[in-house]
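Here is a quick tour of one protein model, written for someone who likes to check things against the atoms. Have the viewer open and follow along.

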Amino acid sequence: MNMDYSESMQTHPGSTNLKENSEIGSVVDKNDCDELEALVMSRAQTSTSLSSACSYRSTDVDISEERMRRKLRFFFMNPIEKWQAKHRVPYKFVVQVIKIILVTVQLCLFAHNRYKHVNYTWDNRIAFSHLFLNGWDTTREVNSYPPSVGPLAVYKISKFYETLDFAVIGYANLGNAIGPYSYTEEDNSMPAPLLCLYQYKEGTIFGFNESYMFNSEIDERCLNLTVEPNVTAKNYSAKDFLKEHGILINFSSLVKAEMTFSLKTVNFKAAGPITPPDCYKFNIKISFDNEDHDGQMLLSLDADAVRLYCKGDVEYVVDNRLDSILLSILNSLVIVICSISLILCCRAIYRAQQLKLVTINFFQKAYKKDLSAEGQLEFLNMWYIMIIINDVLIILGSGIKEQIERKFAGDQWNICSVFLGTGNLLVWFGVLRYLGFFKTYNVVILTLKKAAPKVARFLLCALLIYAGFTFCGWLILGPYHMKFRSLASTSECLFALINGDDMYATFSIMSFKSPMLWWYSRIYLYCFISLYIYVVISLFISVIMDAYDTIKLYYKCGFPKSDLQAFVAACTDEASSGIYRNESSSSLGDMVDKLCCCKKTPYTLFSGRSSNFVGAICV
């Protein structure tokens with residue numbers, strides 16, 4: 001808001017009538033500078049001006065208006081102009097610069113540690129898959145598109161028990177693994193893995209006469225698969241073990257089966273000059289998914305990593321403290337600087353709202369009219385709102401990061417990365433506020449602001465068409481096309497097609513099982529691609545370009561002004577003139593009052609010998 005105002009003030013010094021602003025805006029939108037200049041001259045000659053120059057001091061009313069203009073003029077100045085006007089240190093700007101440096105350093109360190117953590121847990125998950133999953137091979141370790149192999153699954157009852165045997169034997173012979181894995185007991189004794197079976201209470205199918213017996217209630221039964229260490233496949237059978245305990249699996253009623261156990265390990269790779277090794281406990285779960293009852297029981301392994309407090313070698317004790325202290329100091333500095341930024345921005349918004357109330361009261365008393373909604377919005381600085389949001393996100397993320405590094409929190413890496421990443425994104429967006437003080441860089445921001453309403457209306461219409469194509473493609477093509485299997489994947493596929501990505505693969509993957517749907521898919525894809533690439537995107541670009549051309553015309557012929565901008569534009573005193581400095585207080589007590597609280601000065605509107613109290617201005 002304030003950047004547009006400053007640009008407008010620099011472009012249009014002088015007096016302007018309130019009613020002429022809307023007309024000026026309409027003329028500029030018509031790209032007619034000659035009509036704009038003629039309108040301004042005619043309005044200046046035929047109508048009574050709202051305001052007079054600040055140097056005109058014929059009456060007490062003019063003096064009152066002059067003071068009000070100066071207060072508003074100073075309020076809307078950028079940090080450089082405020083320094084020239086009152087030699088006021090741009091402390092909010094300094095805080096933002098320090099914050100950018102600190103949060104960026106913090107994010108880089110956290111990103112490096114998070115990458116090592118995620119990469120280490122993923123590599124261990126691959127190792128566990130080779131150790132405990134029967135049928136796992138290296139081709140499944142890379143996510144390729146389109147998938148080169150089908151899902152890992154079991155199709156025979158004998159294969160199900162073989163998979164259980166393979167996992168149990170691998171767990172019992174943990175010493176054969178290259179990785180430094182240990183059992184979770186303090187004496188490294190092997191606890192029994194846990195097997196849980198989830199079955200329908202009744203689920204018997206008689207396919208030969210199309211009948212069945214079914215009870216949808218699910219029973220859960222768990223037991224420990226007791227096994228001796230270093231057992232081999234010759235002397236162990238999970239099927240026999242289950243029979244001994246009276247468990248007979250009915251696969252027509254089996255919903256899923258889960259085998260769980262835990263392992264401990266130490267990561268030496270993370271160790272450095274001041275960084276100790278990390279200790280982990282992996283909670284491993286092997287799942288047999290038979291919910292679809294389609295003859296394919298999906299097999300998967302998941303490993304949940306939990307960081308533990310290490311009981312390391314004594315040589316690392318001092319270095320541990322140094323690394324922990326340095327990271328804690330950085331986190332504390334980030335929290336402190338973001339808290340200061342949060343307080344300053346909240347204080348600025350509060351003072352702006354106070355000044356808005358005083359200005360509204362002044363307009364009512366002096367001109368018997370209300371300040372327009374556009375003028376009132378000038379007091380709401382959206383940059384401060386964005387800074388407050390990123391401060392809150394970074395403070396929360398820094399707190400979680402500190403807990404992770406002190407091992408007080410569990411696996412909170414993802415939520416911490418969301419807070420810190422989004423907060424850092426908004427912090428760097430905030431730099432645009434200061435670039436906007438320069439005319440060349442401000443064009444982008446003003447273009448986006450000008451185009452925002454039209455873009456929003458345009459996107460709403462385009463979204464309705466997009467939703468129709470999405471639901472249609474999901475319903476019709478979903479069973480025969482891998483990219484349309486779900487509503488989310490359908491939307492992602494269509495969005496990729498808009499950007500020209502993977503078009504041929506989208507056409508070629510469609511199954512020819514149904515010739516009618518195969519031809520329908522061609523018509524569907526051709527219509528969507530043609531409509532969005534040749535029509536919708538072209539119109540979208542034209543909306544942006546129209547706003548850009550309008551902004552360029554504003555720079556050439558002048559920006560339209562609100563009633564507030566027209567009122568303040570009459571003040572021609574330069575920031576470096578010294579008149580603002582003469583009106584400001586210079587005592588240390590007044591400076592403390594300005595920094596710590598809002599010093600309110602009563603403001604009166606003079607009329608002859610009597611004075612009417614208008615309000616208090618936050619100075």
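## Charge, grease and bridges

Let's begin at the surface: Asp289, Glu291, Asp292 and Asp294 together make up a negative patch. Keep in mind that this is a predicted model. Within the patch, Asp292 sits in the loop that runs between β5 (278–289) and β6 (297–308). Its relative accessibility is 63%, so Asp292 counts as exposed.

Now zoom out. The protein has 619 residues, and 43% of them count as buried. Its secondary structure comes to 20 helices and 8 strands. The accessible surface is about 33,400 Å², with 61% of that belonging to carbon and sulfur atoms. Among contacts with a separation of 6 or more, 71% are between residues 24 or more positions apart.

**A nonpolar patch**

There is a nonpolar patch on the surface as well, formed by Trp83, Val89, Phe93, Val94, Val97, Ile98, Ile101, Val105 and Leu109. Taken together, these residues have about 730 Å² of accessible area. Which helix gives the most to this nonpolar patch? That is α6 (residues 91–132), with 7 residues. Phe93 is found in helix α6, and at 35% relative accessibility Phe93 counts as partly exposed.

**Salt bridges**

The structure holds 9 salt bridges. Here are some of them, with the N to O distance and the place of each partner.

| Pair | N to O distance | Elements linked | Separation along the chain |
|---|---|---|---|
| Lys99 and Asp391 | 2.7 Å | helix α6 and helix α11 (residues 382–405) | 292 residues |
| Glu217 and Lys201 | 3.8 Å | strand β3 (residues 211–224) and strand β2 | 16 residues |
| Lys454 and Asp546 | 3.3 Å | helix α14 (residues 439–477) and helix α17 (residues 515–557) | 92 residues |

Are Lys99 and Asp391 buried or exposed? Both are buried. Lys99 belongs to helix α6, the helix that also gives the most to the nonpolar patch.

Turning to the strand pair, Glu217 has a relative accessibility of 42%, so Glu217 counts as partly exposed. Lys201, its partner, comes out at 46% and is likewise partly exposed. For the pair between α14 and α17, Lys454 is partly exposed with a relative accessible area of 40%, while Asp546 is partly exposed at 37%. The cut-offs behind those labels are simple: buried means under 20%, exposed means over 50%, and partly exposed lies in between.

**Inside strand β2**

Strand β2 spans residues 194–206, and Leu195 has its place there. Why does Leu195 count as buried? Because its relative accessible area is 0%, and under 20% is what buried means.

What does Leu195 touch, leaving out residues up to four places away in sequence? The list runs to Leu164, Arg221, Cys222, Leu223, Leu225, Leu242, Glu258 and Met259. Then there is Thr260, which is 65 residues from Leu195 along the chain, yet their C-alpha atoms are separated by 6.6 Å.

So strand β2 is worth a look from two sides, since Leu195 in that strand is buried at 0%, whereas Lys201, also in β2, is partly exposed at 46%.

Technical notes
Residues are numbered from 1 along each chain as its sequence is written. This is a predicted model: local features need pLDDT of at least 70, side-chain atom pairs count only at pLDDT 80 or more; totals for chains, interfaces and linings use all residues. Side-chain values use heavy atoms; hydrogens and water are left out. Patches are made of residues with over 30% relative accessible area and no salt bridge: like charges are joined within 9 Å, nonpolar side chains (Val, Leu, Ile, Met, Phe, Trp, Tyr) within 5 Å. Accessible areas come from the Shrake-Rupley method with a 1.4 Å probe; for residues, only the protein chains shown count as cover. A salt bridge is a side-chain nitrogen of Lys or Arg within 4 Å of a carboxyl oxygen of Asp or Glu. Lys and Arg count as positive and Asp and Glu as negative; His and the chain ends are not counted. The place of a charge is taken as NZ of Lys, CZ of Arg, CG of Asp or CD of Glu. Helices (H or I, at least four residues) and strands (E, at least two) are DSSP runs, numbered from the N terminus. Buried means under 20% relative accessible area, exposed over 50%, partly exposed in between (1.4 Å probe, protein chains only). Contact means heavy atoms within 4.5 Å.
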